Protein chains: 2
Amino acid sequence: MNQGRGTPARADGDPSGTAAFADHPFIRACRSEPHERVPVWFMRQAGRSLPEYHRVRGEGTILDAIADPDRAVEITLQPVRRHGVDAAILYSDIVVPVHAIGFGVDIVRGVGPVAPEPFRSSADLDRLRPLDPDADTPYVLETVRRLVAALDVPLIGFAGAPFTVASYLVEGRPSRDHGRTKALMLGDPTLWHALLERLTDIAATSLLSQVGAGAAAVQVFDSWAGALTPAQYRRFVLPHTRRLLEMVGETGVPRIHFGVATGELLDQMAEAGADVVGVDWRVPLGRARSRVPAGVALQGNLDPAVLLAGVEVAREAAREVLADNAGHPGHVFNLGHGVLPDTDPDVLTEIVRLVHDEGRVDGGDGTSADGRR
Amino acid sequence: MNQGRGTPARADGDPSGTAAFADHPFIRACRSEPHERVPVWFMRQAGRSLPEYHRVRGEGTILDAIADPDRAVEITLQPVRRHGVDAAILYSDIVVPVHAIGFGVDIVRGVGPVAPEPFRSSADLDRLRPLDPDADTPYVLETVRRLVAALDVPLIGFAGAPFTVASYLVEGRPSRDHGRTKALMLGDPTLWHALLERLTDIAATSLLSQVGAGAAAVQVFDSWAGALTPAQYRRFVLPHTRRLLEMVGETGVPRIHFGVATGELLDQMAEAGADVVGVDWRVPLGRARSRVPAGVALQGNLDPAVLLAGVEVAREAAREVLADNAGHPGHVFNLGHGVLPDTDPDVLTEIVRLVHDEGRVDGGDGTSADGRR
């Protein structure tokens, strides 16, 4: 499947940016290894909540900003500078690769991803040719390389999971019920699996190129997988996401697997091959822990809306997340979903400080994931 | 709290429409009592999916149609005639009472409930005076009375739960993240509880008036409660919904308590005093059963999107729901959320037929809820 993968994942004995950060709390937490303090970053930490973002964002769509390494690097670095988070995440969007290969999808302000001609039949498979990162998304690789040179924390690579990308291509625009997606999935399984195979190859190629350029971990966003029943997920999604995570796993970087409203899918999201399963705020971490195998770490899960209620409320809620985790070393502190646009960035900074000051990690308790992969 | 309640719930020895239907499979399933066959109805069975609905719906907003007993009765009866479902549900909307008392909320086609001046401060409490059903919603009572006279199946009364109604009043329009609602809830608990007390009184008064007019059961729609953490629900929602369900419980009618994405809240939704807890498609019924006390029935949980994939796919999925329930008498077959607008009504009719033909109820196994309330 790796035709067109322009950048080898393993080069010069440094498989990725992970090697440089093997002892970093973020990487060690991803591997459920003992470490000094609870690492923290925020989904959508780069972007809408920061005034400095609005100053550099410029006109055009978000895809234009992503395609400009000067802006993408600066936007990615801003929250690291401001908040002191333990990881940067590539400023990107889940439709970047399918946009780059010319499927015909754009991001409309105030709406989200829109595909004027949605995926409807097998003829549309031809609109999903393999990704060639060097030719199709050179700006992504340039941005990653510059970031790796500039950062003193790990950089997380970014890709949409096959299901969630498919849902945008099939619906044509954001949807609450994913009706057309499920109708295709259940009504024409052969076409569905062909679609997800292509999207899996594209996502894997993109992630491998990011790791090859120095990303130290990856996050796979299956944001809308929580719309599925466990039986639907097992039959129509798990095989593809497993293949994606296996391919990326060969590089040795930790793989974070995230979705919303996935309380009933956490076991399968781990089974797909995640080192870290993202948990939204609906499932207390202790409960989530009981649904994944020992040695799989969790990421989350402060309710992002809590940050709108002021710093004291946010501090108390962050303490509850730490208490729910009870010192387990396999915990990356994060929100349960992305930072909301109206969030006061000072509250985010304060949460970072609190997690660093008060987060407790119990080490050496046999929960290390060493040798598990 | 029952100031303004115009119609006594208990009159002439017939507390409600329940008495006439005490042996009906729907009522017996709500009470987890043994019965002959699995009862079935569909949320949003009346409305958008039916061509006969579009013929009588007329111009104006949905609130206009609800306020016209001729239309509301006909629309409520249509799916009973067409599909042979085991219960009718009053054609209504969760904002009917707050609209009727003049809060300033309307339903905009293609958007949903919109409040141009959202709830923001304690001064807005004055916009939520007690409901007087005879004066404020006489059309609801007229519609219920005519329906009860016309129907040979139980009629389910309809109300929005305090949290979900509050979320519309606070946000001003449908919201994905409920950020303003949570900010008010967490940032000003005193005002929040005052708001929910008013909305609880209004919902109780409305439901009691519907039961007084002959409704045989009620469903409380807390559609968006699944946006909350279990801790938020316990502190900010449960006390109010419990009070609501207790007041309605005095009439003796079964109380159905429904929400979406509530997998982590099912225990508390039962604890609030539900006879039946609605389950969306995310949680298999067997798993949901393990989260509620014995004697609490479940309603659900076919994924409504499955109906878009054709009759054979829908039949198989319905069989999986029946298999997940494994013959437990405390099961009302339904969708996990409302019928989607593009649904072929013939598929719904076929699901009713399948549930009636193939649904198995195990009786006499000691799971009866007799005497539990």
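**View 1. The two copies and their rotation axis.** A turn of 180° with a shift of 0.0 Å along the axis lays chain B on chain A with an RMSD of 0.0 Å, where copies are superposed by least squares on the C-alpha atoms of residues with pLDDT of at least 70 in both. The two copies are thus related as by a two-fold rotation axis. A261(B) is the residue of chain B that comes closest to this axis, with its C-alpha at 3.4 Å. This is a predicted model, in which local features need pLDDT of at least 70 and side-chain atom pairs count only at pLDDT 80 or more, while totals for chains, interfaces and linings use all residues. Residues are numbered from 1 along each chain as its sequence is written, and chains are lettered from A in the order in which they are written.

**View 2. The side of chain B that touches chain A.** In contact, that is, with C-beta atoms, placed from the backbone, within 7 Å, are 28 residues of chain B and 28 residues of chain A. Helix 9 (179-187), helix 11 (230-236) and helix 15 (311-325) of chain B each give two or more residues to this side, helices being DSSP runs of H or I with at least four residues, and strands runs of E with at least two, numbered from the N terminus. Helix 9 of chain B gives the largest share, 5 residues.

**View 3. The open sheet of chain A.** In chain A, 7 strands form an open sheet in the order 1-4-5-6-7-8-9 with parallel pairing, two strands being paired if DSSP finds at least two bridges between them. Strand 1 (88-89) and strand 9 (331-335) of chain A are the edge strands, each pairing on one side only.

Methods
Contact = placed C-beta atoms within 7 Å.
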